[in-house]
Amino acid sequence: MQADLLIKNIGQLLTMDKQGPVKGSDMNDLQPLENVAVAVNNGKIDWIGPDDEAASIQAKKTINAGGKLVTPGLVEPHTHLVFGGSREHEMALKQQGVPYLDILKEGGGILSTVNATREASYDDLLEKALFHLDRMARHGITTVEAKSGYGLDKETELKQLKVAKEAGEKHPLDLVSTFLGAHAIPPEYKADPEAFLDIMADLFDDIKEQDLAEFVDIFTETGVFSVEQSRRYLLKAKEKGFGVKIHADEIDPLGGTELAVEAGAISGDHLAVASDEGIRQLAASDTIGVILPGTSFYLGKDSYGPARKMIDAGAAISISTDFNPGSSVTENLQLIMSIAALKLKLSPAEIWHAVTVNAAHAIGRGGQAGTIAADRTADIVIWDAPNYMYIPYHYGVNHVNTVIKNGNVLYERGEIR
Ligand code: IZC
Ligand code: ZN
């Protein structure tokens with residue numbers, strides 16, 4: 001047998017090949033393969049077998065994994081990738097205990113990033129997005145979702161979506177785009193949020209025609225959009241053929257989790273203060289809960305949310321960085337895996353399902369990303385770790401040794417190619 005790439009001497013391989021989304025107690029069922037090898041041809045996984053048989057494969061390139069852990073590339077299902085500026089000046093306000101929604105009400109927070117994004121040139125936004133994608137790649141992420149939502153006017157929302165599209169074309173990582181024009185109420189529409197939502201909904205046709213986003217998302221929150229406004233907006237998006245997502249029940253429990261289920265959202269995101277009824281409905285639905293414990297950490301919340309209850313009730317859960325300049329400023333999904341272990345009390349097996357197969361399903365890539373199996377895209381990470389439990393355990397650093405994207409070595413011991 002011939003191969004473009006052979007990875008041999010794999011100590012532990014996570015294939016994550018259960019039919020997804022993986023729900024409830026199935027998330028805790030993980031059977032790593034030991035002492036195996038993987039062969040790749042034409043960017044796809046071609047063969048997985050015992051390491052003893054690898055010697056008979058003639059490969060153009062061979063990587064000796066040195067007995068380490070090998071997994072699918074991580075899938076990052078919720079980021080606000082494209083933005084201008086940064087918000088380090090808000091750290092002092094946070095330390096004084098000023099709540100996130102109060103900063104927003106005073107024209108800071110999201111609205112401060114909106115000003116910076118409106119002012120930024122297309123090229124500057126693109127360069128910045130590519131920089132953050134590189135960092136995600138170096139941390140083992142091979143597929144990433146990216147939201148707009150820092151324009152809040154037609155021109156800037158389209159600018160952000162076009163930047164995301166070009167970033168996805170230029171960068172080796174796969175990018176899935178979401179239109180989050182309904183992220184905040186811009187000051188000019190403070191008195192008439194409905195009129196603002198109509199303007200954002202006016203963009204649906206353009207976005208579809210130019211293939212600028214697959215999903216439409218809304219921030220359902222106190223001082224932002226109500227459940228009723230969100231319902232109407234998301235139904236319009238569905239009529240136009242978009243999949244829908246919701247920033248739901250992040251800070252105040254408004255019933256966004258229930259709305260995510262009712263609207264048939266592919267994911268309900270945050271859900272930190274979801275009600276018991278919301279959890280029950282989520283578990284009985286096809287909607288994936290995308291939990292963002294890094295945001296709870298960064299906003300200094302006491303409670304990190306009911307992910308444990310959700311899995312125990314039978315729901316499918318994913319986790320994500322929520323990478324954005326305000327409420328979770330990190331590209332390191334490995335750090336989030338540690339926070340999920342320590343604060344959400346998820347097991348290592350549940351965490352690995354959450355960042356691979358379930359994350360892929362949460363962004364409509366269940367058939368492509370998050371799994372190592374024959375004919376799947378060869379998105380593979382070799383970790384400087386002896387086993388899968390080690391990654392959440394040893395926190396705050398980057399354990400990536402080698403990242404393979406579409407069968408090509410993207411990053412290897414310190415250098416990005
Ligand atoms: O820029 O603060 N929660 N949107 C909803 C965010 C956090 C991003 C931000
Ligand atoms: Zn978000």
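This passage describes the surroundings of ligand 1, the cavity and pocket of the protein, and two backbone features.

The structure is a predicted model, in which local features need pLDDT of at least 70 and side-chain atom pairs count only at pLDDT 80 or more, while totals for chains, interfaces and linings use all residues. Residues are numbered from 1 along each chain as its sequence is written, chains are lettered from A and ligands numbered from 1 in the order in which they are written, and side-chain values use heavy atoms, with hydrogens and water left out.

We can start with the ligand. Around ligand 1 stand His80, Arg87, Tyr100, Ile110, Tyr150, His183, Phe219, His247, Glu250, Asn324 and Ser327, a residue being near a molecule if one of its heavy atoms lies within 4 Å of it. By class, this shell has four nonpolar, five polar and two charged residues; here Ala, Val, Leu, Ile, Met, Phe, Trp, Tyr, Cys and Pro count as nonpolar, Asp, Glu, Lys and Arg as charged, and the others, Gly among them, as polar. Side-chain N or O atoms approach oxygen atoms of the ligand at 2.4 Å for Tyr100 and 2.9 Å for Arg87, and a polar side-chain atom of Tyr150 lies 2.6 Å from a ligand oxygen. Ligand 1 on its own exposes 260 Å², and the protein buries 100% of that area (Shrake-Rupley method, 1.4 Å probe).

Ligand 1 occupies the largest cavity, meaning that more than half of its atoms lie within 2 Å of the grid points. Cavities and pockets were sought on a 1 Å grid over the protein atoms alone: in a cavity a 1.4 Å probe fits but cannot get out, whereas a pocket is an open set with protein on both sides within 12 Å along at least five of seven lines, and lining residues have an atom within 4 Å of a point. The structure holds one cavity of 30 Å³ or more. The largest cavity has a volume of about 90 Å³, a volume being the space filled by probe spheres set on the points, which are joined across faces, edges and corners. Its lining numbers 14 residues, with His80, Tyr100, His183, Asn324 and Ser327 nearest the centre.

Turning to the open space, the largest pocket holds about 270 Å³. Of its 15 lining residues, Lys94, Val98, Tyr298, Leu299 and Gly300 lie nearest the centre. The lining comprises 10 nonpolar, two polar and three charged residues.

Finally, the backbone offers two local features. Gly20 and Pro21 are joined by a cis peptide bond with omega of about -10°. Asn42, although not a glycine, has a positive phi of about 50°.

Definitions and conventions:
A polar contact is a pair of N or O atoms within 3.5 Å; within protein, one must be able to donate a hydrogen and the other to accept it, and residues adjacent in sequence count only if both atoms are side-chain atoms.
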